[in-house]
There are 2 protein chains.
Amino acid sequence: MKMDRWRASARRILKLSSRPNPAPRFTRDHSNPVRYGIVSSGLLHCSGGSCGGIRCYLGHKQSLSDHLQARAFALGASLIQIRCFGSIATKIQRNPKFATINSDDIRYFRDLLGEKNVKQDEDALLAANMDWMRKYKGSSKLLLLPRSTEEVSQILKYCNSRCLGVVPQGGNTGLVGGSVPVFDEVIVNLGSMNKVISFDEVSGILVSEAGCILESLVNFLDNKGFIMPLDLGAKGSCQIGGNVSTNAGGLRLLRYGSLHANVLGLEAVLANGDVLDMLGTLRKDNTGYDLKHLFIGSEGSLGIVTKVSILTPPKLSSVNVAFLACTDYLSCQKLFLEARRKLGEVLSAFEFLDEQAMDLALNHLEGVRNPLPTALHKFYVLIETTGSDEQSDKEKLEAFLVHSLEGGLISDGVVAQDIQQASSVWNIREGLPEALMKAGAVYKYDLSIPVEKIYDIVEEMRNKLGHSARVVAYGHLGDGNLHLNISCPQYDDAVLAQIEPFVYEWTSKNRGSISAEHGLGLMKAEKIFYSKSPAAVQLMASVKNLLDPNHILNPYKVLPQSLSFP
Amino acid sequence: MKMDRWRASARRILKLSSRPNPAPRFTRDHSNPVRYGIVSSGLLHCSGGSCGGIRCYLGHKQSLSDHLQARAFALGASLIQIRCFGSIATKIQRNPKFATINSDDIRYFRDLLGEKNVKQDEDALLAANMDWMRKYKGSSKLLLLPRSTEEVSQILKYCNSRCLGVVPQGGNTGLVGGSVPVFDEVIVNLGSMNKVISFDEVSGILVSEAGCILESLVNFLDNKGFIMPLDLGAKGSCQIGGNVSTNAGGLRLLRYGSLHANVLGLEAVLANGDVLDMLGTLRKDNTGYDLKHLFIGSEGSLGIVTKVSILTPPKLSSVNVAFLACTDYLSCQKLFLEARRKLGEVLSAFEFLDEQAMDLALNHLEGVRNPLPTALHKFYVLIETTGSDEQSDKEKLEAFLVHSLEGGLISDGVVAQDIQQASSVWNIREGLPEALMKAGAVYKYDLSIPVEKIYDIVEEMRNKLGHSARVVAYGHLGDGNLHLNISCPQYDDAVLAQIEPFVYEWTSKNRGSISAEHGLGLMKAEKIFYSKSPAAVQLMASVKNLLDPNHILNPYKVLPQSLSFP
């Protein structure tokens with residue numbers, strides 16, 4: 001009976017696809033990745049044009065026209081509403097120790113890099129000063145485009161001697177203001193260092209320059225039968241050096257682990273220009289302290305990553321996607337436990353969304369249809385498997401699903417039968433940020449919380465806010481990573497005051513992290529104590545002092561001001 | 001035809017087991033783990049009894065009696081030959097800045113820890129001063145057994161104020177002299193801090209004190225349906241804090257990655273007694289610098305790890321082992337590539353041994369029989385798969401084997417049909433250190449080398465040494481980790497001069513590591529420049545100075561003397 005119900009559900013999804021389904025299998029479609037460009041138009045509409053310091057743009061509700069695809073908005077829309085992620089940026093004073101760029105400096109950099117790699121024109125600076133969310137905007141007068149480690153070294157040596165602040169920049173796709181200047185820091189963009197240096201097809205070890213765009217590495221590896229161990233929506237713009245510097249998470253972390261697990265080596269240039277060659281290509285190397293980890297996730301504040309060596313997994317042929325309904329969060333949690341055990345080695349994603357998230361997706365995303373249309377369920381789970389054997393992977397997934405249905409962990413579900421169906425299911429999950437933007441104002445939080453407590457904060461927040469706002473939850477349940485969103489008609493300080501500092505205090509009390517995968521950047525530098533002990537933060541400051549005594553690298557970011565300029 | 005040959009081979013292994021094979025499947029037997037104890041007898045026979053500094057014991061060939069199981073020898077044998085791993089230990093002078101223990105110190109520690117946790121008796125000190133290989137021996141007069149982080153903190157605060165050198169000690173199973181004193185340093189053994197603090201069955205995150213013996217954690221998790229992400233021969237004695245401090249590798253690294261991938265958090269006590277709480281239990285946490293990595297693999301020289309949080313994988317039900325023959329190293333390498341691709345997510349071990357290694361095993365290990373007896377092959381590969389579905393895993397392995405046989409990558413092979421057969425196959429690989437010990441003198445090197453070059457150094461070494469010694473190679477091919485052994489009738493400085501520094505120079509030239517999984521300890525502290533750049537080593541020394549300005553923690557280890565006491 002339940003089997004039938006399951007199979008009836010499984011057939012339902014066939015309707016999602018207008019074409020017949022000749023191939024029962026699929027591989028996930030990465031052929032049309034989301035591209036995030038550096039915003040170069042519309043900026044003045046949003047920012048008001050003034051500069052000289054960091055601003056937090058608190059806009060007012062303005063509906064996006066229905067035809068506007070939020071994923072594309074960053075590329076060209078000129079009247080897009082700028083929203084704040086919740087926290088109002090800290091008021092910061094420019095560090096008076098920093099020098100100001102003069103004509104001698106420009107002459108030095110032109111001699112070093114060549115004229116075309118020293119950018120001072122308004123367009124280039126406009127794009128490089130503003131983050132892609134248009135939330136943070138600096139006022140740098142100088143963008144440098146080095147083409148080699150030696151050039152990066154010379155730049156930093158010079159800036160250190162002159163006490164010029166420096167912002168290392170990759171694809172500028174960060175969400176916390178880490179990749180743009182706060183004041184007039186020199187921007188050093190690594191985009192011209194974009195060569196693959198070597199690839200070992202036996203071990204799957206890739207060595208590349210830091211400026212390689214993630215997607216170009218994905219394409220390079222695809223031809224060789226390998227994949228990158230990380231996958232991000234921003235892969236069309238983000239650079240591997242930026243990924244490493246921010247310890248980017250993404251969709252494959254559940255399966256392949258973080259970049260601390262996959263980066264085998266790197267080369268970094270210190271603030272004084274010293275080049276640190278840690279570009280090992282070995283899975284095992286216990287010779288001394290493993291210093292590369294200091295540069296993974298330190299957001300460019302300890303050195304500029306110039307080359308990366310990374311372990312890449314082989315591309316596997318069989319991918320399956322199931323979209324399931326659960327009646328309560330405990331069932332989602334138990335289902336995750338079962339999935340880890342029963343799907344074990346083939347499990348590659350375990351995402352969840354709640355009823356409010358699904359409702360938003362159905363109401364605000366074009367072309368999205370409910371794969372389980374008979375009722376709106378309390379929770380939905382997206383499970384992806386990736387393996388090497390189509391038949392056995394399929395059987396494994398189906399056995400797991402039948403078992404879970406019979407055990408009452410899931411109340412309904414469908415399995416995608418081809419690539420279009422898989423994409424349409426993924427689109428629901430991946431379209432949620434867009435749906436939230438369309439729905440109005442949104443306060444966004446990226447939290448790590450022990451899996452069993454993830455939904456507690458959602459319910460507490462809901463109780464706290466009552467009817468004044470809508471609390472929407474989704475995220476990488478398999479990684480314990482909740483994206484908590486508070487959606488309301490317009491930004492409202494009274495609502496914000498109910499959210500913060502409660503959300504940080506709750507997360508801290510439950511040993512969570514206030515930044516799961518986005519980093520601290522400028523946005524949360526002052527909030528670090530919610531997740532780290534004073535002794536640990538003090539040691540971070542000591543490490544910063546050791547590696548960058550003049551604090552020229554990515555100033556005002558990551559660490560609190562009180563420790564940054566002691 | 002080839003299929004038949006394969007199947008004929010597959011049947012052959014049935015003969016290895018004297019009993020019928022009712023169960024066609026098995027899980028690998030961990031019920032009789034190798035236990036390495038701290039040597040407490042026989043010591044004086046070997047060392048000559050003198051102390052006051054580090055010694056390298058260069059014994060002479062002495063055959064072990066046939067009934068002596070080398071795996072057990074460390075526990076009780078009293079006349080065991082002591083061998084050197086190749087390098088003659090550097091002559092070291094005691095750091096004159098260190099104080100010497102006096103009666104006030106003893107009184108302080110007794111008041112702090114209680115009399116029974118302050119050991120000064122000869123037996124206890126004998127065991128704690130000597131490593132289990134009996135190669136390194138210190139002359140400490142004091143062994144402390146703290147029971148809490150607070151006690152560790154008070155010990156270090158006191159030692160730092162008095163400038164007393166300290167050796168952090170776990171199970172004392174290291175191979176490079178890292179866990180025993182060099183002179184009269186205070187030994188701080190974490191063995192009394194052996195409680196499991198928490199286990200989250202949803203996420204599989206285990207938090208324990210540092211003194212938990214690895215095997216006790218394995219047993220704890222087994223009841224919950226999880227495994228430790230690392231497995232070592234020494235698991236019956238080694239402690240998780242020591243594993244983390246040395247970044248222990250072992251048998252599961254190919255599948256689950258290193259401890260940098262699996263340790264989610266830790267608590268460490270710094271040299272000045274400050275307790276650093278980094279005991280996160282989250283898969284994702286991008287809040288500031290990830291300082292825990294400094295303590296993973298720094299061999300206790302930056303702080304004493306007191307608690308560990310670790311991600312544990314679910315225990316999977318199906319394990320398969322195949323033992324295969326290849327005609328040349330290139331085939332082994334190609335087979336590895338195929339295995340990564342075809343077995344992908346279930347591959348859990350890929351070990352290799354050469355003809356000389358197999359010959360040694362057959363001649364020196366009791367009860368070992370050749371699973372492929374028709375001929376001696378040039379190379380052998382052991383492949384293990386671990387998955388969640390017996391039937392599909394088996395089919396996947398068989399399809400891979402048939403394909404590899406047809407493609408000429410393997411010339412023969414067998415698949416174990418039950419747990420006894422699997423164990424007997426593993427015994428060949430795991431018995432090689434024992435076989436080498438029985439065969440005579442042996443110079444041992446633990447190298448990481450890019451997979452495609454692993455066997456080049458073996459052949460070069462063989463050409464170089466000619467008939468003067470036997471070059472034996474085996475190791476974790478999947479991790480690029482070669483165990484290179486030069487076996488000769490007796491230790492011979494002329495042979496050693498042909499091996500070193502060639503072996504280090506060759507490894508360095510090929511961007512390998514002179515210590516893949518064993519660490520540097522005392523043995524290779526001076527050799528760090530073969531694997532790390534001067535700038536990187538200098539930064540390590542700066543980090544050491546920052547965290548332990550008096551250099552009281554594990555002195556004389558990891559970093560060269562010239563940088564340790566600047």
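In the predicted model, the accessible surface of chain A comes to about 19300 Å², and 51% of this area belongs to carbon and sulfur atoms. Chain A has 566 residues, of which 65% count as buried, and its secondary structure comprises 21 helices and 16 strands. When contacts between residues at least 6 apart in the sequence of chain A are considered, 77% of them join residues that are at least 24 apart.

The largest nonpolar core contains 322 residues, and those with the most contacts inside it are F295, L484 and I486 of chain A together with F295, L484 and I486 of chain B. The surroundings of F295(B) illustrate how such a residue is placed: beyond its neighbours within four places in sequence, F295(B) is in contact with residues that include V244(B), S245(B), L266(B), A268(B), L270(B) and L276(B), as well as M278(B), L302(B), G303(B), V305(B) and L547(B). A second core, separate from the largest one, has 6 residues, among them A124(B), L125(B), L143(B) and L145(B).

A lysine offers a further example of a buried position. K307(A) lies in strand β9 of chain A, which covers residues 304-311, and K307(A) counts as buried because its relative accessibility is 17%, under the 20% limit that defines a buried residue. Residues up to four places away in sequence being left out, K307(A) touches T149(A), I197(A), S208(A), E209(A), A210(A), G265(A), L266(A), E267(A) and L279(A). With one of these residues, T149(A), the contact is polar and runs from side chain to side chain at 3.1 Å. In addition, the C-alpha atoms of K307(A) and D277(A) are 9.0 Å apart in space, although 30 residues separate the two in sequence.

Helix α14 of chain A, formed by residues 390-406, was examined along its length. Its 17 residues should span 24 Å at 1.5 Å a residue, and the C-alpha atoms at its ends are indeed 24 Å apart, so the expected and modelled spans agree. The N-terminal end of α14(A) is capped by D389(A), a side-chain oxygen of which lies 3.1 Å from the backbone nitrogen of Q391(A). After the helix comes G408(A), which has a positive phi near 80°. An α-helix has 3.6 residues a turn, so residues three or four places apart point the same way. The buried residues of α14(A) are S392(A), D393(A), K396(A), L397(A), F400(A), L401(A), V402(A), S404(A) and L405(A).

Aromatic rings form 32 pairs over all chains. The rings of Y443(B) and Y491(B) have centres 5.2 Å apart and planes at 85°, so this pair is edge-to-face. Y443(B) belongs to strand β14 of chain B (residues 441-448), whereas Y491(B) is in the loop between β16 and α18 of chain B, and the pair thus links distant parts of the chain that are 48 residues apart. Both Y443(B) and Y491(B) are buried. The rings of Y504(B) and Y530(B), by contrast, have centres 5.4 Å apart and planes at 25°, so this pair is stacked. Here Y504(B) is in helix α19 (residues 502-509) and Y530(B) in the loop between α19 and α20 of chain B, 26 residues apart. Y504(B) counts as buried because its relative accessibility is 2%, while Y530(B), at 25%, counts as partly exposed. In chain A, one aromatic cluster is formed by Y329(A), F352(A), F379(A) and Y455(A).

Note on methods:
Residues are numbered from 1 along each chain as its sequence is written. Chains are lettered from A and ligands numbered from 1 in the order in which they are written. This is a predicted model: local features need pLDDT of at least 70, side-chain atom pairs count only at pLDDT 80 or more; totals for chains, interfaces and linings use all residues. Side-chain values use heavy atoms; hydrogens and water are left out. A nonpolar core is a set of buried Ala, Val, Leu, Ile, Met, Phe, Trp, Tyr and Cys residues joined through side-chain atoms within 4.5 Å. Buried means under 20% relative accessible area, exposed over 50%, partly exposed in between (1.4 Å probe, protein chains only). Contact means heavy atoms within 4.5 Å. Helices (H or I, at least four residues) and strands (E, at least two) are DSSP runs, numbered from the N terminus. A polar contact is a pair of N or O atoms within 3.5 Å; within protein, one must be able to donate a hydrogen and the other to accept it, and residues adjacent in sequence count only if both atoms are side-chain atoms. The expected span of a helix is 1.5 Å times one less than its number of residues. Accessible areas come from the Shrake-Rupley method with a 1.4 Å probe; for residues, only the protein chains shown count as cover. Rings of Phe, Tyr and Trp (its six-membered ring) pair if their centres lie within 6.5 Å; planes under 30 degrees apart count as stacked, over 60 as edge-to-face and the rest as tilted.
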